[in-house]
Amino acid sequence: MAHHVTLSFQPGPPGVKGTWTAAAVADRKFRGFVGRYASQEGDVCIELLEETASGELIVVKRWTKDRGEETRPRG
């Protein structure tokens, strides 16, 4: 299973994308992005996504300045 982390400065597409096979590594990257970019000016959106066997991407965690971290259970 692949795990993806994206970093976007809104509006616009993701400026940084990464893919890892290990969930723990992807989670560390997600946390690192939050730590590094949370204080940036403007709208920042950081997402951790899981890729299903069918190729669908499911948001597991999302961080924005307005809402903080939102988490949903992993599949």
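1. Which residue in strand 2 is the bridge partner of Val5? In this predicted model, the partner of Val5 is Gly18, and strand 1 and strand 2, taken as a whole, pair in the antiparallel sense over five bridges.

2. That pairing belongs to an open sheet of five strands in the order 2-1-3-4-5, in which the pairing is antiparallel. Strand 2 (16-20) and strand 5 (68-71) each have a single partner strand and stand at the edges, so each of them has one side without a neighbour in the sheet. From one strand to the next, the twist averages 20°.

3. Helix 1 lies across strand 1, strand 2, strand 3 (43-51), strand 4 (57-64) and strand 5, and its direction is at about 15° to strand 1.

4. On the aromatic side chains, the count comes to two aromatic pairs. Phe9 and Tyr37 form an edge-to-face pair, with 5.9 Å centre to centre and 80° between the planes; because Phe9 lies in strand 1 (residues 3-10) and Tyr37 in helix 1 (residues 23-37), this pair ties together parts that are 28 residues apart in sequence.

5. The rings of Phe33 and Tyr37 have centres 6.0 Å apart and planes at 80°, so this pair is edge-to-face. Both residues lie in helix 1, where Phe33 and Tyr37 are four residues apart, about one turn of the helix. Ring pairs thus link Phe9, Phe33 and Tyr37 into a cluster.

6. As for accessibility within that cluster, Phe33 counts as buried because its relative accessibility is 11%, under the 20% cut-off, whereas Phe9, at 36% relative accessibility, counts as partly exposed.

Technical notes. Residues are numbered from 1 along each chain as its sequence is written. This is a predicted model: local features need pLDDT of at least 70, side-chain atom pairs count only at pLDDT 80 or more; totals for chains, interfaces and linings use all residues. Side-chain values use heavy atoms; hydrogens and water are left out. Rings of Phe, Tyr and Trp (its six-membered ring) pair if their centres lie within 6.5 Å; planes under 30 degrees apart count as stacked, over 60 as edge-to-face and the rest as tilted. Helices (H or I, at least four residues) and strands (E, at least two) are DSSP runs, numbered from the N terminus. Buried means under 20% relative accessible area, exposed over 50%, partly exposed in between (1.4 Å probe, protein chains only). Two strands pair if DSSP finds at least two bridges between them. Axes are lines fitted to C-alpha atoms, for helices over the stretch in contact, and angles run from 0 to 180 degrees between N-to-C directions. Contact means heavy atoms within 4.5 Å.
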